[in-house]
Amino acid sequence: MTFKDYDITIKRPTGQVKTKCPKCSHERKKKSDPCLSVNIDEGIWNCHNCGWNGSLKKQNNYMQKEYTIPLDHKIKNYSENVIAWFKDRGISENTIKDNGIHEGLEYMPQVNKEVKTIQFKYFKDSKLINIKFRDAAKNFKLVKDAEKTLYGIDHVLGKKTIIIVEGEMDKLAFYEAGHKNCVSVPTGAGNNKMEYLKDLPEDLEKVYLAVDNDEPGKKLQEELARRLGRDICFRVSYPDNCKDINDVLINYDKFEIDSCLKKALAYPLDGVLSVDDFNLDIDNLYDNGLQRGKVLGHSNFDNLFSFASSQLTVVTGVPTHGKSNFLEYMAMKLSALHGWKFGVFSPEHYPMQLHFSVLAEKLIGKSFRKITRYNRMTKNELNLAKQFIANHYHWIRPDKDVYTLDNILSSAKGLIKRYGINGLIIDPYNKVYADIGKQSETNYINQFLTKLTMFKQKYDIHIFLVAHPRKMQKKDNGMYEVPSLYDVAGSANFYNQVDNGITIYRDFKNEVTDVHVQKVKFRHIGELGQAQFRYNLQNGRYSEVGENFDDNSYIMERQESML
């Protein structure tokens, strides 16, 4: 007897399904909420709560990476030279044994030959995943195509308080002083790709940032604080004759290391401020002055406005006048010219592949469409757009078509930590689920904008909020008035609470788009005024009236941003 005799058909699931996430569901209040979307046909998944995603397929060599696993060589005894080298730096043999330090010959490309090296082993979940090699000339390399994580990550699992340093020797110095809850970034201060931060515990309460006392170290410190949250971060400083914590151990002792931690300065707390809290920021402002933000490369508009961090900008305009389109153009210019990364909540722009095509046209400068009278992008250009947009844009997708502001900001927090996004786009305001209850709409909007303000200050991020105006009346000539921020539907708070306001107004008769900068809170950012643009139907780009209208090329000022 067979299944066929009973006319039984066994089918595997297909298409898109929702289920619980193995990474985060057990920690959520709503443990049964199916927050993980799985496309069974494509073999891809994405969690709308914690951001966990992946693929079973290797696509175009950049989607799902296959990591190299280094060989784990064991060592019984260290040579006298290695023991002496570490001893000169205040590190005992027990510490180098506890941290799995290795020594041996390795080919170093900087000197183009095999030389003696010290080898720092990177473990995660007790498994070797990478090795950093260091030779006598202070050349470094990691294992090619191996996964990157924080050095010593297993030592901080389950910890509420941790220390982050800039190099393996600083990690060992803290270990020597009895502070084992320390990790080192794997690639130093010059690399802004910090996806390895995803391996840190989620519920950290205190993070000491003990990086090098130089300009690259200060930049690393600020970026780590931005991604992890300034409210839990403390800045560690050293005696004047020390560049890092290993210098402290060499020149003083482990008790001075304890003193450095005790003297660490917290970032300013909300509502509790003193000069000591922002003393370093005062010195930076004194030395460097007020700095303008990033510009787009359009002279008239650049004179009016620049894009800085920790800002809340409202973009408004009459429906069909192109406010979302112009915002996407600004975002793509910021990504291409300055390397900005964005989190995007834009439920009106579905399906996702259609929104991708809009961004790809702006990047490449050619039409995405198969049937077009314009120049169409090639397959190679499409793959370039895939790689660039994958590195610079991450979509926050609504769950069951209902997404609260708290959900959006929670997802954005994860994107800041994992990918270091610089901008968050919420387009539009009225698609965010509003549980107003018994309060007035004005009070609700006040709370909504206050949450955005606190978030952008905490994470030093630029938030763009698209908001529709109330229904506008046409004038006798059939044209609408240019809406102001006071015309945004719901509340005058859209003017009062935000940092900047931009109105997009399309003059259909003259085929120009007027961009009105209607509010700039800080004078060093910009000023009020208007710039005129023309819209390119081929690729969705804008050029200022009087500029050359370049249909195809998109000159990147920073080619490395394409990586």
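**Note on strand S7 and the two nonpolar cores**

1. In this predicted model, strand S7, which spans residues 127–135, is mostly covered, since eight of its nine residues are buried.

2. On one side of the hairpins to consider is the pairing with strand S6 (residues 113–124), which runs antiparallel to S7 over eight bridges. Within this pairing, Phe123 has Leu128 of S7 as its bridge partner. The hairpin that S6 and S7 form has two residues between the strands, and Asp125 there takes a positive phi near 55°.

3. Strand S7 is also joined to strand S8 (residues 140–142), again in the antiparallel sense, and here three bridges link the two. Lys132 stands opposite Leu142 in S8, while the hairpin of S7 and S8 has four residues between the strands, with Lys138 taking a positive phi near 65°.

4. Turning to the interior, the largest nonpolar core has 41 residues, and those with the most contacts inside it are Phe301, Phe305, Phe307, Phe326, Phe342, Ile389 and Tyr393. Helix H9, covering residues 323–338, gives the most to this core, contributing eight residues. A second core, separate from this one, has 33 residues, among them Phe120, Tyr151, Met169 and Leu172.

5. Phe305, one of the residues with the most contacts inside the largest core, deserves a separate look. When its neighbours within four places in sequence are left aside, Phe305 is in contact with Arg292, Val295, Thr313, Asn500, Ile502, Val517, Val520, Ile525 and Gly526.

Conventions: Residues are numbered from 1 along each chain as its sequence is written. This is a predicted model: local features need pLDDT of at least 70, side-chain atom pairs count only at pLDDT 80 or more; totals for chains, interfaces and linings use all residues. Side-chain values use heavy atoms; hydrogens and water are left out. A nonpolar core is a set of buried Ala, Val, Leu, Ile, Met, Phe, Trp, Tyr and Cys residues joined through side-chain atoms within 4.5 Å. Buried means under 20% relative accessible area, exposed over 50%, partly exposed in between (1.4 Å probe, protein chains only). Contact means heavy atoms within 4.5 Å. Two strands pair if DSSP finds at least two bridges between them.
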